[in-house]
Amino acid sequence: MVKKLNKSNLLKHMAVNIDLVKQLREETGISLADCKKALEESEGQMDKAKEYLKKRGQAVAAKKTERAVGAGIIDTYIHSSGRLGVMLEINCETDFVARGEDFKTLAHEVCLQIAAMKPMYVKEEDIPEEIIGKERALIEETVKEMNKPADIVEGIIKGKIEKYKKDICLVDQLWMKDDTKTMQVLINEYIAKTGENIVVKRFVIYEF
């Protein structure tokens, strides 16, 4: 049996969908069209719609990572104490996007993350080999007394090194405002929003 919606119920049903689209737009900043598509694909379930948008952002970002980034901005953050500051260079493809509010919002969020979590490098490839070597030596010193087979100990060392690298690299850190996503996932979401490749080039932390 097919249940028919009368005009009143149909309008109410449509209004609920519109409200959900607006809510998803407010919570994610993604375009209304993409939010509508996400809710349609997830049958109106907000959590599934957010996951859909996250995966879509990652897919879009993967297609754009090789595109040149010849524009961008320098952004700064100074803590209210005046004793901590961050200077950031973040790049995109065009001046049009660089001047946009979405790009400036992302730059601000990255500055806040750097100030709060104090990463040492942008990405894993930036870590000098000697830094990894020193950290490995320290880890080996702490686990050498373990009464475990050599392969198990090596696995523990490898795991600790991987965690260390994620802790000190900006793009691998969990976003301080939402620990369900890394900073790279956040950047990917803005790549999907703007339609351009976005790359954190470098940053400096000033503190005393």
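A nonpolar core, as I use the term here, is a set of buried Ala, Val, Leu, Ile, Met, Phe, Trp, Tyr and Cys residues joined through side-chain atoms within 4.5 Å. The model I am reading is predicted.

**Entry 1. Confidence.**
I looked up the pLDDT before anything else. The protein averages 86, and 88% of the residues score at least 70. By element, β1 has the highest mean pLDDT, 98, and α1 the lowest, 64. I marked two stretches. Residues 1-5 stay under 50 and have one contact beyond four places in sequence. Residues 7-16 are also below 50, and that stretch has one contact in the model beyond near neighbours in sequence.

**Entry 2. Cores.**
Which residues touch the most other members of the largest nonpolar core? I found L88, I90, L106, V110, I198 and V200, in a core of 29 residues. I then listed the elements that give two or more residues to this core: the strands β1 (71-78), β2 (84-92) and β5 (199-207), and the helices α4 (95-98), α5 (101-117) and α8 (183-194). Of these, α5 gives the most, with eight residues.

I took V200 as a case to follow. Leaving out residues up to four places away in sequence, V200 touches L88, E89, I90, V110, V122, L170 and I187. I also noted a second, separate core of 11 residues, with I127, V143, V153 and I168 among them.

**Entry 3. Largest pocket.**
I read off a volume of about 350 Å³ for the largest pocket. Its lining has 18 residues, and the closest to the pocket centre are E27, T28, D178, K181 and E189. What is the make-up of this lining by class? I have 10 charged, five nonpolar and three polar residues. The elements that each supply at least two lining residues are α1 (7-28), α3 (46-64), α5, β4 (178-182) and α8. The most come from α3, with five residues. I note beside this that α1, one of the contributors, is the element with the lowest mean pLDDT.

**Entry 4. Second largest pocket.**
The second largest pocket has a volume of about 300 Å³. I listed 16 lining residues, of which V122, K123, V171, Q184 and V199 lie nearest the centre. By class, seven are nonpolar, five charged and four polar. Which elements each supply at least two residues of this lining? I found α8 and β5, and α8 has the largest share, four residues.

**Entry 5. Cross-reference.**
I put α8 down under three headings: the largest core, the lining of the largest pocket and the lining of the second largest pocket. I also entered V122 twice, as a contact of V200 and as a residue nearest the centre of the second largest pocket.

Notes:
Residues are numbered from 1 along each chain as its sequence is written. This is a predicted model: local features need pLDDT of at least 70, side-chain atom pairs count only at pLDDT 80 or more; totals for chains, interfaces and linings use all residues. Side-chain values use heavy atoms; hydrogens and water are left out. Buried means under 20% relative accessible area, exposed over 50%, partly exposed in between (1.4 Å probe, protein chains only). Contact means heavy atoms within 4.5 Å. On a 1 Å grid over the protein atoms alone, a cavity is a set of points where a 1.4 Å probe fits but cannot get out, and a pocket is an open set with protein on both sides within 12 Å along at least five of seven lines; lining residues have an atom within 4 Å of a point. Grid points are joined across faces, edges and corners, and a volume is the space filled by probe spheres set on the points. Ala, Val, Leu, Ile, Met, Phe, Trp, Tyr, Cys and Pro count as nonpolar, Asp, Glu, Lys and Arg as charged, and the others, Gly among them, as polar. pLDDT is the predictor's confidence in each residue, from 0 to 100.
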